[in-house]
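These are my notebook entries on a structure I was asked to look through. I worked from the domains inward to single residues.

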Amino acid sequence: MRYSAFKILKEALTGNRGWKPVWRHPEPNPEYDIIIVGGGGHGLATAYYLAKRFGLTNVAVLEKGWLGSGNIGRNTTIIRSNYLLEGNQPFYELSLKLWEGLEQDFNYNAMVSQRGIMNLIHSDAQRDAFVRRGNAMRLSGADAVILDRDGIREKCPFLDFDNARFPIQGAIWQPRGGTVRHDAVAWGYARGADERGVDIIQNCEVTGFQIENGVCHGVETSKGPIRAKKIAVCVAGSSSRVMEKAGMRLPIESHVLQAFVSEGLKPVIPGVITFGAGHFYVSQSNKGGLVFGGDIDGYNSYAQRGNLPVVEDVCEGGMAIMPMIGRARLLRMWGGIMDMSMDGSPFIDKTGIDGLYFNGGWCYGGFKATPASGFCYAHLLATGAPHPVAQHYRLDRFLRGAAIDEKGSGAQPNLH
Ligand SMILES: Cc1cc2nc3c(=O)[nH]c(=O)nc-3n(C[C@H](O)[C@H](O)[C@H](O)COP(=O)(O)OP(=O)(O)OC[C@H]3O[C@@H](n4cnc5c(N)ncnc54)[C@H](O)[C@@H]3O)c2cc1C
C-alpha cells in the first residue's frame, strides 16, 4: 500500500476500513539465501537495503520478540554526525544523509526533525577539543558551528549560564542533527523489506548455529532449524550471548541505559542539548514531553531496567544546566541493553566462521547509525567486501592495535 494525502482522505471518509497490515506474518521456509538474526532497526534496515539495492529477497529476519521490542523502540531518538575520527566521521555522515532522504525513500512518516544538536562547553580545554572536532567535521563535509554565550542565549535563554561549578562558555552546534521517531523507523524499514519479499518472522528466537568444519550452514530456532548460505547476526545488546552460541567471545560488554520522559509541556527546547561537564542530554518530543537521559548503569546486565544511582546522576546533570527541569513531573522511564564495545566504535564484519557475519558494538549511539549500518551490512553481505565508510569496523582491530577510540560515541565501559 502506498500512503498519500488522497488515501488518508479516502479512508477518513470511509471509516478507515481499507488499511492493510503493514507487513505479513509468514511461517519460516526451510532455507533462505540470507538469514538476519535480530529484527531491530539495524536488522530491518539491512533487509531493506539487501532487497532494494541488491535485489536479494530470499531473505528472512528472525526476531525473538516483536518488532520494536529492543533498543530501536527504547532510545531517545537523537541523530547527529558530530564525530572526530576518520574511521567514524564518513560513516555517520553517510547515515545523516540517508536520514535526510529516508521518508521519501520508504514512503513512511518517520518524523525526521533536524532541529539541531548543541553540545555545551564548560572549560577552556573542552573548547579546544570541541573546536578541533568541529574542524574535523567540516573538513569531511559535515556541518558544525561554534557558538558563544550570546549565540546560545538566542536559542536557549533558559539555561543556567553562570552555574558556580559548570558555567557555560560556549557550544558546538550541528544544525543538521535532531531527532527521528524511533519506532516508525522500524515500521518503515519492515514495510519496505516485506513488500519486496523479505520474510519477517517474529517470536522466533535463534538458539544455536549449525556449524560444520568452520562453515555456518544455518540456525536452530524456537520454530525449528532453518538453513541459509549466509547468517548475519544483528542483535545489539544480546551480541555477546548470541555469538557465544557460535563459540565466539567479543570485545563487548552489555550495560543498561535508561531514558526518561516528563509530562507534556509547551514548546521550550529548540533541539537537542547536551551537558558537557557530566552526562545529561535533553530534547522535547512532538507531544511536549522532555525526553532525557545520561550515563549507562555501571555494572554489566541484560535487564531492560536500570537503577537509582544513575537516576540521581541524570537529575543532577539536568539541574546543573536547566534548573527549571526540577519543576517538571516525570511521566515514565525505562531501560535498554547496550552493546558497549571497548573503544566506543562498532563492528560490521565477517567472522572467522565462513558464512557467519556480525554487526554490533553500537554502544549507546546506534540509533543514528541505523540507515548506514543497514546500508553497509547489506553491502558486505551482497558483495563480500566492506563498504568504504565501514572499512575500519573490523573484529580484529584490537589485535592489530587499530582501535577507533572515539569519545564522541558516548560513555565507554573501559573508561569507567
Ligand atoms: C535508553 C536508550 C537511549 C538511547 N538513545 C540513543 C540516541 O538518542 N541516539 C542513538 O543514536 N542511539 C541511542 N541509543 C542506542 C540505540 O538505540 C541502539 O544502539 C540501537 O537501537 C541498536 O540497534 P538495533 O536497533 O538493531 O537494536 P535492537 O532494537 O535492540 O535490535 C536487536 C534485536 O535482536 C533481537 N534478538 C536478540 N537476541 C535474539 C535471538 N537470539 N534471536 C532472535 N532475535 C534476537 C532483540 O529482541 C532485538 O529486537 C539508545 C539506547 C537506549 C536503550
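How far apart do the C-alpha centres of domain 1 and domain 2 lie? I found 28 Å between the C-alpha centres of these two domains. I note at the outset that the model is a predicted one.

**Entry 1. Domains**

I looked up the division of the protein and found domain 1 (5-77 + 182-251 + 343-415) and domain 2 (113-176 + 253-341). I then turned to the contacts across the boundary: 26 residues of domain 1 are in contact with 19 residues of domain 2. On the domain 1 side, helix α7 (residues 239-244) gives the largest share, three residues. I sorted this side of domain 1 by class and obtained nine nonpolar, 14 polar and three charged residues.

**Entry 2. Ligand shell**

Which residues come nearest to the ligand? Of the 39 residues around the ligand, I list Gly38, Gly40, Gly70, Gly336 and Gly366 as the nearest. Domain 1 and domain 2 each contribute at least three residues to this shell. Among the secondary structure elements, I recorded that α2 (41-54) and β12 (252-264) each supply at least two shell residues. The class count for the shell is 14 nonpolar, 20 polar and five charged residues.

**Entry 3. Helix α3**

I examined helix α3 (residues 89-106), which has 18 residues. Its first and last C-alpha atoms are 25 Å apart, close to the 26 Å expected at 1.5 Å a residue. Where does α3 bend? I located the bend at Glu100, where the angle is about 45 degrees.

I next checked burial in α3. The buried residues at the start of the helix include Gln89, Pro90, Phe91, Tyr92, Glu93, Leu94, Ser95 and Leu96. Further along, Trp99, Leu102 and Phe106 are also buried. I traced the packing partners of the buried residues of α3 to β3 (78-79), α4 (124-139), α6 (182-195) and α9 (370-383). Asn107 follows the helix and has a positive phi, near 50 degrees.

**Entry 4. Helix α9**

As α9 is one of the partners of α3, I looked at α9 itself. The 14 residues of α9 should span 20 Å at 1.5 Å a residue, and its end C-alpha atoms are 20 Å apart, so the two values agree. I found α9 mostly covered, with 12 of its 14 residues buried. The buried residues include Thr370, Pro371, Phe375, Cys376, Tyr377, His379, Leu380 and Leu381. Gly384, just after α9, takes a positive phi of about 85 degrees.

**Entry 5. Positive phi outside glycine**

I looked up two residues other than glycine with a positive phi. Thr77 has phi near 70 degrees and is found in the loop between β2 (59-62) and β3. Met111 has phi near 50 degrees and sits in the loop between α3 and β4 (117-121).

Is Thr77 buried or exposed? I classed Thr77 as buried because 22 other C-beta atoms lie within 10 Å, and 20 or more are required. Met111 has 15 other C-beta atoms within 10 Å and is therefore partly exposed.

**Entry 6. Two loop residues**

I placed Leu159 in the loop between α5 (149-155) and β6 (170-174). Leu159 counts as buried because it has 22 other C-beta atoms within 10 Å. Which residues is Leu159 in contact with, leaving aside its neighbours within four places in sequence? I found Ile152, Ile168, Ile321 and Met322. I also compared Leu159 with Pro323: they are 164 residues apart in sequence, and their C-alpha atoms are 7.8 Å apart in space.

Gly306 lies in the loop between β15 (289-300) and α8 (308-321). With 23 other C-beta atoms within 10 Å, Gly306 is buried. Leaving aside its neighbours within four places in sequence, I noted contacts of Gly306 with Val256, Gln258, Asp297 and Gly335. How far apart in space are Gly306 and Glu154? I found 36 Å between their C-alpha atoms, for a pair 152 residues apart in sequence.

Key:
Residues are numbered from 1 along each chain as its sequence is written. This is a predicted model: local features need pLDDT of at least 70, side-chain atom pairs count only at pLDDT 80 or more; totals for chains, interfaces and linings use all residues. A residue is near a molecule or strand if its C-beta atom, placed from the backbone, lies within 6 Å of it. Helices (H or I, at least four residues) and strands (E, at least two) are DSSP runs, numbered from the N terminus. Ala, Val, Leu, Ile, Met, Phe, Trp, Tyr, Cys and Pro count as nonpolar, Asp, Glu, Lys and Arg as charged, and the others, Gly among them, as polar. Domain bounds come from an automatic or database domain assignment. The expected span of a helix is 1.5 Å times one less than its number of residues. The bend at a residue is the angle between axes fitted to the seven residues ending there and the seven starting there. Two residues are in contact if their C-beta atoms, placed from the backbone, lie within 7 Å.
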